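Biologist: I am new to this structure and would like a close look at a single part, a place in a loop where the backbone deserves attention. Please take it slowly, and then set that part beside the rest.

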Number of protein chains: 2
Amino acid sequence: MESTLNYNKAKDWIIEENEFDHSNLGKCEAIMCLGNGYLGIRSSAEESYTGETRGYYIAGTFNKLDQYEVSELPNIADIINIELELNENSFSLEKGKIKEYSKSLNLKTGELHRHVLWESMQGELFLLDFYRTVSLKDMHLVAQKLVIVPVNCDAKIKITSGINGRMTNSGSQHMTDGEKRFYDRKYMQLVQATSESGIDIIHNTTLSFKLNQKKTELNSNIAIDRRRIFCAYDAVLPKNNSLTIEKISNVYTSRDIQNQGVPLKTIQERSLEALKASAMAGYDQIASVSAKEWEDKVWDTNPIIIDSEDEYEQLAVRFAQYHLTVMTPIHDKRMGIGAKGLSGEGYKGHTFWDTEIFILPYFIFTEPEIAKNLLIYRYLTLEGAHKKANSNNYKGAQFPWESAWLDDGEVTPVWGPVDIVTGLPTKIWSGFIEQHVTADIAYAVWQYYMITDDQEFMDCYGYELIFDTAKFWSSRLEYSQEDKLYHINDVVGPDEYKEHVDDNAFTNYLAYWNIKKAIEYYGQLQEERTRFKDLFTRLDLNNTYTEWIDRIDKVYLPTPGKQDFIIAQDKSYLTLKDIDLTKYKRQKQVGTIFNDYNLEQVNNIQVSKQADVMILFFLMEDLFSHDVKKANWNYYEPRTLHDSSLSLSTHCVLANDMCDYELAYELFKRACSIDLGPNMKSSNEGIHSASMGGIWQSVVYGFGGVRMMNGQLRIEPKLPESWNSLQFSIKWKGQSLQVFVDKRKLLIKNCTATKKVEVYVNNKAYSIDTELKMKL
Amino acid sequence: MESTLNYNKAKDWIIEENEFDHSNLGKCEAIMCLGNGYLGIRSSAEESYTGETRGYYIAGTFNKLDQYEVSELPNIADIINIELELNENSFSLEKGKIKEYSKSLNLKTGELHRHVLWESMQGELFLLDFYRTVSLKDMHLVAQKLVIVPVNCDAKIKITSGINGRMTNSGSQHMTDGEKRFYDRKYMQLVQATSESGIDIIHNTTLSFKLNQKKTELNSNIAIDRRRIFCAYDAVLPKNNSLTIEKISNVYTSRDIQNQGVPLKTIQERSLEALKASAMAGYDQIASVSAKEWEDKVWDTNPIIIDSEDEYEQLAVRFAQYHLTVMTPIHDKRMGIGAKGLSGEGYKGHTFWDTEIFILPYFIFTEPEIAKNLLIYRYLTLEGAHKKANSNNYKGAQFPWESAWLDDGEVTPVWGPVDIVTGLPTKIWSGFIEQHVTADIAYAVWQYYMITDDQEFMDCYGYELIFDTAKFWSSRLEYSQEDKLYHINDVVGPDEYKEHVDDNAFTNYLAYWNIKKAIEYYGQLQEERTRFKDLFTRLDLNNTYTEWIDRIDKVYLPTPGKQDFIIAQDKSYLTLKDIDLTKYKRQKQVGTIFNDYNLEQVNNIQVSKQADVMILFFLMEDLFSHDVKKANWNYYEPRTLHDSSLSLSTHCVLANDMCDYELAYELFKRACSIDLGPNMKSSNEGIHSASMGGIWQSVVYGFGGVRMMNGQLRIEPKLPESWNSLQFSIKWKGQSLQVFVDKRKLLIKNCTATKKVEVYVNNKAYSIDTELKMKL
């Protein structure tokens, strides 16, 4: 498990591996994943290895294998594979000797580069440089370049490559065999179709060659086989000459917005024409156009500059922004962000509350258009949410714990890892009873509205989402004759180590907030009844409103203990057994408690997987006094194992609030290391999407002190000791603000300056025309 | 493509590889395949390698993936995989140094053994011996043993193994994810089900350990994951001590005869109990019981002894007998033999005419019960054969070119490899127009009857098969106004390089023979009309008979040319272009002509893939004079590329008949080498089932001179020069004959001796009570 990653040469932009480690292939495959929100490709090597996980995913192309499985994002045909034979030795880093090696992702340009000086078993030396770019400009385009130089020998080189449709999701095949064809013995096309959802996926690829930079043709042997089409080329290369191989590929689907209703044949033809044009342009041009797009659309638009002794921190923030870009389908409102983005099979490409609570703030504050689209995705899934509510005998919209298609509702799998006691798989209860996601979405709508003032969004989507979710919560409440209050029993809260709990504080407070907000908006819209007539009718709002009013003050909300100020995470938490958690706290691996206990046993211990009461404090910052928060922090932090990637950043931000700056900084470092850190296994299934938002939140919310409080912008920076300065940009109600902070001053520039912006610093309001400069 | 196989140490029984060759894994996986007719397992290594093809198949468990594919034999979950970590190095022959290596299959015992002395990258030496047996006694049982000795160091060993249901057929997944469970943290069970045919496949496995031969328990970590269940064990092993790992597995299906109607739960319980008992017995006992079964049921029952200078020939015959045993589902009449047996995905487990023409003679002459069952399989597929005839507007039974389930009729895939000219896949016409299989089956019924005298079989199945196939042929005939004769146009004959030909000699003669034979049997059964009343009615025999009589003498049969004696393979063959075939003839690889021509072009050249007119001579030996045969031999042999495994043995037997002894011997050698020879790629998709029968035919028909001629037994041995003697056993009409021949004498013993046997030697009949001895 020793890390082979190196950030010393980082210069803030480069993630680099300097040693080939066959037992940890998944790490770089995931963290160096390339993509553009439309497609994502794990950064497996060109040549294949046992234990690798080649993954290539297109956002929103879900397929349901059979009645026993749920919709998942299929692993489409592999185009990355290029097998080389160098003087009859098949090239593999497992064989011969590696004299030089580096594999690096340049976050700035989005280019992957692998450099190898390889000595074959016969002592022949070959210099190999592999380059790869997924275009950020043309979302369908993937380009590879490979330069081979035989250093101390002449070389016969055999290159075999094509399109391999034999890929599966851990053995599950989502595709038909498909149509295969060569055009002009040069262009290869494979058309796959998903087996149940019937999406056509059209792959094109072509290889071209240069000898010492001059175009050349190689002898080729074409082949069509089951589920694959490929070609073998033969080259002869004198010592010290260079062979350049370019492989240009593209992919289109019948689900692409521009292909709706277009006949498959036409998509095939157009995509082939597009490929020909891209191949003509060539690798270098594709890569530089894409790099320019990264510069323009990401780095220049939303720069975050940390001046710190440790370059790793700057790198981590860019790493987060890189992946936030790669994972987010900004081209299409009909799809969400997967919990592993497009970087692996983990969580099957499904969207969780991770998007709304952990990722969305980044987009709301930097690219509100994208944030809006992600919320519209939820709006478009209302049919599924109604279905889910209905099947549980609730009203309104109950959003699924895991979301895929617009209309299929709940897609959480039912069975998980082994129960060490029974020997059976563990039942996953989240899909049934982890219900807070419905309030989380309502919360995100409100947050988006408060930060952007986007009234049009509210009129078209926002109000309806808040009403429909409130309607669900109202129907979800359970009246108790005993205390004459409404309870929410038998749920899983954010802390997934507690199943079947009653009155989870987070869930109850957010449900309450959701209904409360609906009541508030109902009141506001009353004045515009005619404009919202249709909405009022559709949701039967008048009757629903009566129910809300009747119930709102009878919702049970757990209050702080009179003496210790502790808020019970749920009804029974405080009565559970306390055990010594030292062994499990801050382990390199998550979930180590399950080596000793099964989930049923963990259910009965005062231990939390992740922030639960803390995230309530985080979202509802002014709900409790500082003393209450501090008491609960002291109680729950030691009991929280951070066995979820959704935990560290929240605790980091809160630690800052609690003035525990050292811990805040430590938690930030750990949050940065969820994927980037030395644990070589934790990213195998894909990067942790929410954690990317979490890194941003740690920096901008935590140390930058930015917060939306009740519709107001607050900025109260608290830089870590080792930081000299921090600079970032946010958007607030249409104005673009540049924030700079160092040890001595805070500088806020309104770059848009079309209207004044009110900012609270240390509880004082400042109005910014163009700039605010203040000493700290 | 250099061979790493070694037969020098063969001692007639051992196939051995002495060098690990990562680029040619498929060779040993296939030719060293283990099995028992119920199941077959490719002999992949315990640890995994890129480019390997792990295959595990159960006879008759077909599944059809989707509407675009045909039924095929699914690759079930892998149980062979055992991953080892030796002092934190994952064990792989690709890494470190191989100091000693051999991988061998002992045909006598059916045991696979791999011996490795491996030096890790740190210079640590480990001695590893892997043993593997598929029980011939208990057809559900698979046993593995592995002994590890660290030679120059202490060792920490991690063993990871279980059941892996992620296997596919080249990317096609036929199984549901399935139920997984541990029992007592010790026994693993995975229940897969085929997705369309709904067959439950129940796997059980368990591992146990010995330290220096004494039972020991190891720390274990159990895991259930998508499509797999496995366990990791940790051992500490001092220098020069030995750790023995035994993995015992079994597999049952809901299609097993004894499981018909048994609830799945019960099968699960019973199979688990069976596993516990097998694990208790342990590897050594399982292996020795299985070896005893090989001895009793194969080697002692049907010994073939070649006394030759070259041990390879003896080995090849045993290799053939070994695979004929491993591939044949003798336990169940509802399934046939796959063209690759149970040793690979090739031809999808489908049954071809290979069975009747190339394999069946072995069983008819040695194990007639098995031969009968294989013919009953065809009888049970009559529903599908009717369906096929019907869909083509023919009558009677048209057997499919490729056969799987009893009732699905034709399962030949429609698309094959790439057409180098169009860039599209080639259309496979066999399923549509390669029709001779229907006559081949009728021929096999007759052959079986003639050799066994099994009247009961004829009464129950045989007559019906011959009538129903004749009925097809009669309806298939096409009347020509021109010559007032019936033709069979637009077919593929045995030579698959000629598509859409008219009047293929082989097809026409066999169709004619089939109808003729039906007429003959109709006449015989007339006397017993009442007994066969049902059959006569069902097949509408009276009317059909009238049609037969009307047409039989008007069937067009190509006759030898008046001057050159040449029989046209088909109507146009003799008019096609002649090209220089030297380049393609006797190449190491088959199909090299397609590097220069596409199939359409090959269609227009006088070149044959395989025996065509020759196989007509082979089946209908007395139809033509020796002079005609000789003339055609001289014409067609040079034009036949033997690009099919169905060709060499036929030409070998005929070469002997043509007194071309040198060529006969050479062809025999080549026939032996189809799988066993130095071509390291040709067996990748599985061994060539028909070729196994072909090797036997070359020896017993060719050199042993055994033939059934019009119901008579003929034995006219012609030993190759380098052979001192040949001994084999055959059954003839219930009598077991032992035949011994050397340079000077022929000895035939009737071991059963319950009745006289008439044998023709050199055109003279001899009647054998107990023994015939004659000088040669």
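Modeller: Asn763(B) lies in a loop of chain B, between the strands β30 (757-761) and β31 (764-768), and since this is a predicted model, what follows describes the prediction. The phi angle of Asn763(B) is near 65 degrees, which is a positive value in a residue other than glycine. That deserves a remark because most residues other than glycine have a negative phi. As for its surroundings, Asn763(B) has 7 C-beta neighbours inside 10 Å, and therefore counts as exposed, the limit for that class being 12 or fewer.

A second asparagine of chain B can be set beside it. Asn87(B) is not a glycine either, yet has a positive phi, of about 45 degrees, and it is found in the loop that runs between β6 (82-86) and β7 (89-90) of chain B. Here the count of C-beta neighbours inside 10 Å is 16, so Asn87(B) is classed as partly exposed.

From these loops we can turn to the buried parts. The largest nonpolar core has 202 residues, and those that touch the most other members are Leu39(A), Ala316(A), Ile359(A), Val445(A), Ile466(A) and Ile695(A). Helix α9 of chain A, residues 437-452, gives the most to this core, with 11 residues. Because domain 1 (32-299) and domain 2 (417-641) of chain A both give residues to this core, it lies between them. Ala316(A) shows how such a member is placed: leaving aside its neighbours within four places in sequence, Ala316(A) is in contact with Cys672(A), Leu676(A) and Ile695(A). Another core, of 184 residues, lies apart from the largest one and includes Tyr463(B), Tyr545(B), Ile730(B) and Leu746(B).

The two chains also meet, with 37 residues of chain B in contact with 37 residues of chain A. On the chain B side, the elements that give two or more residues are β13 (179-183), β17 (219-225) and β21 (415-418), and the largest share, 4 residues, comes from β13(B). Sorted by class, this side of chain B has 13 nonpolar, 13 polar and 11 charged residues.

Finally, for chain A, UniProt lists residues 17-255 in an unreviewed entry as "domain: Glycoside hydrolase family 65 N-terminal". Over that stretch of chain A the model is 3% helix and 50% strand, and the C-alpha atoms at its ends are 37 Å apart.

Definitions and conventions. Residues are numbered from 1 along each chain as its sequence is written. Chains are lettered from A and ligands numbered from 1 in the order in which they are written. This is a predicted model: local features need pLDDT of at least 70, side-chain atom pairs count only at pLDDT 80 or more; totals for chains, interfaces and linings use all residues. UniProt positions are given in the numbering used here, feature names are shortened, and annotations may be inferred rather than shown by experiment. Two residues are in contact if their C-beta atoms, placed from the backbone, lie within 7 Å. Ala, Val, Leu, Ile, Met, Phe, Trp, Tyr, Cys and Pro count as nonpolar, Asp, Glu, Lys and Arg as charged, and the others, Gly among them, as polar. A residue is buried if 20 or more other C-beta atoms lie within 10 Å of its own, exposed if 12 or fewer, and partly exposed in between; C-beta atoms are placed from the backbone. A nonpolar core is a set of buried Ala, Val, Leu, Ile, Met, Phe, Trp, Tyr and Cys residues joined through C-beta atoms within 7 Å. Domain bounds come from an automatic or database domain assignment.
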